[in-house]
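Please take the sequence and the model below together, and follow the paragraphs with the structure open beside you. The account moves from a helix to a sheet, and then on to further helices and aromatic rings.

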Amino acid sequence: MIGLCDANNFYVSCQRSFDSSLDGRAVVVLSNNDGCIIARSNEAKALGIKMGTPYFQLQELRQEHGITVFSSNYTLYGDMSSRIMSILGRFVEEVEVYSIDEAFLNLEGYESVAPNLADYARTIRQWTRISVSIGIAPTKTLCKLANYYAKRQQEHNGVLLLDTPDKITSVLADFDVGELWGVGSRYAGLLRRNGIRTAAQLRDAPDDWIAQHMTVNGLRLAYELRGMPCRMLETEPKAKKSICSAPSFGQLVPDLDTITQALTTHIGRAAEKLRKQHSAAGTITVFLHTNRFKISPNGQPAKQYYNSRTLDLPHPTASTSELVTYALALLKSIFAFGYAYQKVGVMLTGLVPTDHRQSGVFTNGPDERLVKLSGVIDKLNYRHGRDRVRLAGAGYDPSWHHKRQFMSPRYTTQWKEILRVK
């Protein structure tokens, strides 16, 4: 049996765990630059607030119902996620961290710990501090379905165990095929046109038809719905195939110097992630664009500009200074004067392990001194704080950083912001 532990309204729950006055109130969390809503409490959902709604459209509703708004506090959310995953590791030996608020648990052999697995899951819920829902089933896909109902139907008390064919069939019979894990809008339309509207109908469809219309991935999905595991637990984190850093500016930026500082900072972030997973990048892409929603003073859409350029590096590298050299050259080639830009970003692709780099015909590879220097900088910043040591090109101009006007304290990672009890 496999369990899926999923935190309920995770970003909102993190805020509530340190401020009990938020319980029972409508709370929303905004994206970078306080742009759109990315998390809602149940009370906010009851008001009809949708995911992705721009914040400026919420003003009247906020005043009418007293909605509490928070900027994204990813430092807090990331640390709270690590704590929850650590707690899960105390109860279950094999844990696959699927996302910041989800984890799969291998519950095989734990049936004897409690009267049943559902009771054991409820014991785990008591220790997480944040409200979670746990779905238990023979496969990952069925775990997703069990968690879906455990979160939405109060009679399950946050835990749903699908351990018999009858329970599984009753759940599949009412589940919309478009809500299945791995079924997108295109496949959902295809299935409905062929009379397959529920998960039970997809489970019972002929294998040949599924393989012909949905390839081998669709066939695996059907097998999982039948209780045959096709997606194994992956307890070791996978290395990313690409790394991107591109937060929007807090205000529109027209000049090349400020954009250069922002790009240098973004590359530092991306290169740090690159070194953390022991990879090197073989290709770099820089992109730049304006705000497509901006309206000019005469009421017409403002003039727009978007451009990007990609470069295959002479050799894969994880050195920040090397990556900055190539990125700035790309930026200068795509920058156009006369526009107010909203975002500059960098994407690193063609990732290879640092110990599997192949030398080129005209080069022996990256300068190992620069790679070691970047590693030393990472250690210093880890000990003394982010950006304590950085390239001079990153500058000290805070004007381009994204807006966070509703920022909450970082209760668990900053001594000055630790919760005080009187």
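In this predicted model, a convenient place to begin is helix α4, which runs over residues 74-91 and has 18 residues; from its first C-alpha to its last it reaches 26 Å, close to the 26 Å expected at 1.5 Å a residue. The buried residues of α4 are Leu76, Tyr77, Met80, Ser81, Ile84, Met85, Ile87, Leu88 and Phe91. Around the helix axis they cover an arc of only 165°, which puts them on the same side of α4. What do the buried residues of α4 pack against? Their partners are the strands β1, β2 (27-30), β5 and β6, together with the helices α1 (10-16) and α5 (117-125).

Several of these strands lead on to the sheet. Five strands form an open sheet with mixed pairing, and their order across it is β5-β6-β1-β7-β8. At its edges lie β5 (95-99) and β8 (159-161), each of which pairs on one side only, and from one strand to the next the twist averages 15°. In general, the strands of a sheet pair through backbone hydrogen bonds, in either a parallel or an antiparallel sense. Here, strand β7 (residues 132-137) pairs with β8 in the parallel sense over three bridges, and Ile136 has Leu161 in β8 as its bridge partner.

Helix α6 packs on this sheet, where it touches β1 (2-7), β5, β6 (102-106), β7 and β8, and its direction makes about 140° with that of β7. The same helix, α6 (140-152), is also among the elements that cover the buried residues of α7, as are α9 (199-203) and α10 (207-225). In α7 itself, which spans residues 165-173, the residues Ile168, Val171 and Leu172 are buried. Seen down the axis of α7, these buried residues fall within an arc of 95°, so they line one face of the helix.

The region of α6 and α7 can also be read through its aromatic rings, and the structure as a whole holds 19 aromatic pairs. In one of them, the ring centres of Tyr148 and Tyr149 are 5.3 Å apart and the ring planes stand at 85°, so the pair is edge-to-face. Which of the two counts as partly exposed, and which as buried? Tyr148, at 27% relative accessibility, counts as partly exposed, whereas Tyr149, at 12%, counts as buried because the cut-off for burial is under 20%. Tyr149 also pairs with Phe175: their ring centres are 6.1 Å apart and their planes are at 70°, so this pair too is edge-to-face. Because Tyr149 lies in helix α6 and Phe175 in the loop between α7 and α8 (185-193), the pair ties together parts that are 26 residues apart in sequence. Phe175 counts as buried, with a relative accessibility of 4%.

Two further sites are worth locating. Tyr305, Phe335, Phe337, Tyr339 and Tyr341 form one aromatic cluster. Thr265, for its part, is found in helix α11 (residues 256-276) and counts as buried, at 9% relative accessibility. When its neighbours within four places in sequence are left aside, Thr265 is in contact with Ala394 and Trp400.

Key: Residues numbered from 1 in each chain as written. Predicted model: local features only at pLDDT ≥ 70, side-chain atom pairs only at ≥ 80, totals over all residues. Heavy atoms only, no water. Buried < 20%, exposed > 50% of the residue type's maximum accessible area, 1.4 Å probe, protein only. Helix = DSSP H or I, 4+ residues; strand = E, 2+ residues; numbered from the N terminus. Arc of directions from axis to C-beta. Contact = heavy atoms within 4.5 Å. Pairing = 2+ DSSP bridges. Axes fitted to C-alpha atoms, helices over the stretch in contact; angles between N-to-C directions. Expected span 1.5 Å × (residues − 1). Phe/Tyr/Trp six-rings, centres within 6.5 Å; stacked < 30°, edge-to-face > 60°.
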